[in-house]
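Biologist: Could you take a close look with me at one part of this model and work outwards from there? I would like to follow it residue by residue, with the reasoning spelled out.

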Amino acid sequence: MNLSLEAVEKNTNKLAVNNPGIVELHSLGISAEGRDINAVYITDKRVSLAEKEVAVVMGLRHGDEVGVVPAVSSLLDWLVSEDGAEIRRRQLVIVIPVVNPDGFIKQEFGAPRDMISDTENKYILPLILECQADMLLDIHSLDRGDLEAVITGHTTHLGEDDLIHGIATGKMAEGAAAAGYPYVIHTLGVQSRAPWLSTPRPPRNPSSSYNNWVCAPAYEQLHSLVIGMEVNSFSLNDEECGNSGLAAIVPLLQLGNTRSFWEYAPGYPNRILRGNIHISLRASGQNAAERRKSRAELWQKREFFSDPIKIMPTTHNIKASIEYSGEPLSNAFSICCRIRGNPGIKDIRLNGTKTDYYMVADNCSSFVFVDVPPAVAGAYEVSIDL
Ligand SMILES: [Zn+2]
């Protein structure tokens with residue numbers, strides 16, 4: 001594979017020419033040394049963007065990680081193929097093949113290791129914030145050992161984020177293993193111990209950070225599902241790096257087309273903002289765009305919400321409550337309560353007034369959702385009579 005910047009640009013141009021209804025090229029801006037930073041937008045233009053999830057995939061933040069080139073190339077080819085049709089129909093996937101063209105030209109690690117670069121600050125982060133990315137995937141590559149990894153880098157312990165990032169990376173590792181690639185799942189703490197060395201060194205800094213800083217603000221500001229990964233260009237050739245990367249990435253993209261069992265709508269599972277699967281504060285909305293807006297606002301104001309509480313005064317009555325103490329909200333939120341089994345619901349009230357609700361059931365439980373219109377500070381209680 002030709003690993004030059006020119007070759008990457010030639011391939012993306014060809015992709016756009018050959019797939020006019022699917023692919024658009026956008027220049028995000030100009031690097032410090034005057035090179036274009038290009039993004040490839042892939043989607044089925046016949047479907048409204050408001051109905052779609054938005055995924056952003058970044059490659060080559062670190063200019064010498066050459067295994068990223070075949071991984072991104074395989075992904076682009078897959079996305080325009082027949083196999084990628086359902087992803088295109090239900091998602092906009094924005095791929096930035098070379099985030100750091102100046103580093104790539106020199107084949108140097110390049111961008112500042114532990115801080116956001118000017119390029120990221122000026123062009124990449126604004127794109128992510130503007131499109132309110134539902135998912136952000138950051139592809140890196142190792143040039144030693146035989147490790148391939150997916151990284152659950154950017155989570156807090158709020159909501160069910162530890163669990164959900166684990167589920168997402170678990171699907172990636174499973175898909176890759178089925179194709180013959182033994183990915184491991186790393187949290188940040190593990191990554192800092194250099195597990196590709198035979199004798200892991202002790203971490204120099206126990207709170208060591210992941211070295212792509214666009215990931216941190218995407219999670220921090222939007223509650224995007226943020227995943228990192230490392231392919232391996234030492235033990236695998238270009239073709240294998242491409243196959244390996246794709247085998248791990250496709251299950252993640254498919255998660256964005258799937259309804260997770262605790263969700264009402266399909267999409268990347270990033271809408272539990274406080275609480276847990278039992279009782280939670282959720283983003284709300286009639287379509288993907290509304291849910292994105294609701295999610296971003298609620299997450300930015302998460303400190304003003306109490307953890308939701310569920311109590312059962314009797315076996316036939318459930319009370320779910322949450323308090324909000326911030327400025328008036330612009331978007332609705334949802335209170336979601338999981339109920340054991342599939343009992344009939346006699347009455348649901350929000351702060352004492354009969355209210356609409358919607359629900360989704362599985363074989364052992366029912367998830368009941370009550371939407372609260374754009375709210376002011378106060379206490380909100382849902383009472384459910386069974
Ligand atoms: Zn890297």
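**Around helix α9**

Modeller: Happily! Let's begin with a pair of helices: α6 and α9 are oblique to each other, in what is, please keep in mind, a predicted model. The reasoning is short: angles over 145 degrees would count as roughly antiparallel and 65 to 115 as roughly perpendicular, whereas α6 (residues 161-178) and α9 pack at an angle of about 140°. Their axes are 8 Å apart, and the crossing is right-handed.

Look next at which side chains face each other there. From α6 come Ala-168, Lys-171, Met-172, Glu-174, Gly-175 and Ala-176. They meet Ser-244, Ala-247, Ala-248, Val-250, Pro-251, Leu-252 and Leu-255 of α9. Sorted by class, this contact has 9 nonpolar, 2 polar and 2 charged residues.

Now turn to another partner of α9. Helix α2, residues 68-80, comes within 7 Å of α9 (residues 238-255), axis to axis, and the two cross at roughly 55°. That angle lies between the 35 degrees below which helices count as roughly parallel and the 65 at which roughly perpendicular begins, so α2 and α9 are also oblique to each other. Their crossing, too, is right-handed.

On the α2 side, the residues involved are Pro-70, Ala-71, Ser-73, Ser-74, Leu-75 and Trp-78. On the α9 side you will find Asp-238, Glu-239, Cys-241, Gly-242, Asn-243, Gly-245, Leu-246, Ile-249 and Val-250. By class, the contact of α2 with α9 has 8 nonpolar, 5 polar and 2 charged residues. Val-250 is worth a pause: it is listed in α9's contact with α2 and again in its contact with α6.

Let's stay with α2 a little longer. Its 13 residues should span 18 Å at 1.5 Å a residue, and the end C-alpha atoms are 19 Å apart, which agrees. The helix is mostly covered, with 10 of its 13 residues buried. Those are Val-68, Val-69, Pro-70, Ala-71, Val-72, Ser-73, Ser-74, Leu-75, Leu-76 and Leu-79.

Leu-75 gives us a way out of the helix pair, as it is also in contact with Val-57, a residue of strand β3. Setting aside neighbours within four places in sequence, the other contacts of Val-57 are Val-93, Val-95, Leu-137 and Ile-139. Val-57 counts as buried because it has 27 C-beta neighbours inside 10 Å, where 20 are enough. For a sense of distance, Thr-12 is 45 residues from Val-57 in sequence and 14 Å from it in space, C-alpha to C-alpha.

Strand β3 (53-59) leads us on to another helix, since the buried residues of α10 pack against β3, along with α8 (215-222), β9 (272-275), β10 (279-283) and β13 (333-340). Those buried residues are Ala-288, Arg-291, Arg-292, Ser-294, Arg-295, Leu-298 and Trp-299. With 13 residues (288-300), α10 should span 18 Å, and its end C-alpha atoms are 18 Å apart, so expectation and model agree.

Just after α8, in the loop that runs to β8 (225-232), sits His-223. Its backbone deserves your attention: although not a glycine, His-223 has a positive phi of about 60°. Most residues other than glycine have a negative phi. His-223 is buried, given the 27 other C-beta atoms within 10 Å.

Gln-132 makes a useful companion case. It also has a positive phi without being a glycine, here of about 50°, and lies in the loop between α5 (118-131) and β5 (135-142). With 19 other C-beta atoms within 10 Å, Gln-132 is partly exposed, because the cut-off for buried is 20.

To finish, here are two residues from other places along the chain. Tyr-358 belongs to strand β16 (residues 358-361) and is exposed, having 12 other C-beta atoms within 10 Å. Beyond its neighbours within four places in sequence, Tyr-358 is in contact with Tyr-264 and Phe-369. Phe-369 lies 11 residues away along the chain, with a C-alpha separation of 5.4 Å. Ser-4, in the segment before α1 (5-18), is partly exposed with 13 other C-beta atoms within 10 Å. Ser-4 and Lys-106 are 102 residues apart in sequence, yet 9.9 Å apart in space, C-alpha to C-alpha.

Notes
Residues are numbered from 1 along each chain as its sequence is written. This is a predicted model: local features need pLDDT of at least 70, side-chain atom pairs count only at pLDDT 80 or more; totals for chains, interfaces and linings use all residues. Helices (H or I, at least four residues) and strands (E, at least two) are DSSP runs, numbered from the N terminus. The expected span of a helix is 1.5 Å times one less than its number of residues. Two residues are in contact if their C-beta atoms, placed from the backbone, lie within 7 Å. Axes are lines fitted to C-alpha atoms, for helices over the stretch in contact, and angles run from 0 to 180 degrees between N-to-C directions. A crossing is left-handed if the near helix is turned anticlockwise from the far one by less than a right angle, and right-handed if clockwise. Ala, Val, Leu, Ile, Met, Phe, Trp, Tyr, Cys and Pro count as nonpolar, Asp, Glu, Lys and Arg as charged, and the others, Gly among them, as polar.
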